[in-house]
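Colleague: Please pick one part of this model and take me through it closely, side chain by side chain. Then place it in the rest of the chain.

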Amino acid sequence: MGAKDAETLYLQIKNKLKGQEGKIVAIDITSGDYFVGDNTLDAYEKAQKKYPTHEFLFKRVGFKTTYVVGNMKL
């Protein structure tokens, strides 16, 4: 799954997530089901409970990125 595909999955559910800005959504890349949590671990635990062997895309609701890793000059 590429970044373009991941963004498409998120855009399909974006309107359903209104009012949950700042929370983390885990999207099952196989079924398209999604799970919202207060943080990554919370969202993952909810998703993994239903789909223990699946892979998930994580996104911060209402933001372009979830995390930035590395040396950034702002």
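Modeller: Aspartate 42 is partly exposed in this predicted model, with a relative accessible area of 22%. The class follows from the cut-offs, because buried requires under 20% and exposed requires over 50%. The carboxylate of aspartate 42 is engaged by lysine 46 in a salt bridge, with N and O at 3.7 Å. That distance counts because the limit for a salt bridge is 4 Å. Both residues belong to helix 2 and sit four positions apart, about one turn of the helix. Lysine 46 has a relative accessibility of 38% and is also classed as partly exposed.

Helix 2 covers residues 40-50, and the rest of this answer is built around that helix. What else does the structure hold by way of salt bridges? There are three in total. Another of them involves lysine 50, whose partner is aspartate 33, with 3.3 Å between the closest N and O atoms. This pair joins distant parts of the chain: lysine 50 is in helix 2, aspartate 33 is in the loop between strand 1 and strand 2, and 17 residues separate them. Aspartate 33 is partly exposed, at 26% relative accessibility.

Lysine 23 and aspartate 38 also form a salt bridge, with their closest N and O atoms 3.3 Å apart. Here the link runs between two loops: lysine 23 is in the one between helix 1 and strand 1, aspartate 38 is in the one between strand 2 and helix 2, and the two residues are 15 apart. Their exposure can be given in turn. Lysine 23 is partly exposed at 32%, whereas aspartate 38 is exposed at 55%.

The aromatic side chains come next. Tyrosine 44, in helix 2, reaches phenylalanine 56, and a search of the whole structure gives three aromatic pairs. One of them is formed by phenylalanine 35 and tyrosine 51, an edge-to-face pair with ring centres 6.3 Å apart and planes at 70 degrees. Phenylalanine 35 is in strand 2 and tyrosine 51 is in the loop between helix 2 and strand 3, so this pair ties together parts 16 residues apart in sequence. Phenylalanine 35 counts as buried, with a relative accessible area of 14%, and tyrosine 51 is buried as well, at 14%.

For tyrosine 44 and phenylalanine 56 the ring centres are 6.0 Å apart and the planes make 85 degrees, so this pair is edge-to-face too. Since tyrosine 44 is in helix 2 and phenylalanine 56 in strand 3, the pair ties together parts 12 residues apart in sequence. Its members fall into separate exposure classes: tyrosine 44 is partly exposed at 35%, while phenylalanine 56 is buried at 14%. With Phe58, Tyr44 and Phe56 make up one aromatic cluster.

Strand 2, which carries phenylalanine 35, pairs with strand 1 in the antiparallel sense, over four bridges. Within that pairing, isoleucine 24 is opposite glycine 37 of strand 2. The hairpin has five residues between its strands, and glycine 32 takes a positive phi near 85 degrees. Aspartate 33, the partner of lysine 50, is in the loop between these two strands.

As for the chain around helix 2, it has two helices and three strands, in the order α-β-β-α-β. Of its 74 residues, 28% are buried. Among contacts with a separation of 6 or more, 41% are between residues 24 or more positions apart. The accessible surface is about 5,400 Å², with 52% of it on carbon and sulfur atoms.

Confidence varies along the chain. The mean pLDDT is 86, and 84% of residues reach 70 or more. The lowest mean belongs to helix 1 (residues 3-13), at 80, and the highest to strand 2 (residues 34-37), at 97.

Notes:
Residues numbered from 1 in each chain as written. Heavy atoms only, no water. pLDDT = per-residue confidence, 0-100. Buried < 20%, exposed > 50% of the residue type's maximum accessible area, 1.4 Å probe, protein only. Contact = heavy atoms within 4.5 Å. Areas by Shrake-Rupley, 256 points an atom, 1.4 Å probe, with all protein chains shown as cover. Salt bridge = Lys/Arg side-chain N within 4 Å of Asp/Glu carboxyl O. Pairing = 2+ DSSP bridges. Phe/Tyr/Trp six-rings, centres within 6.5 Å; stacked < 30°, edge-to-face > 60°.
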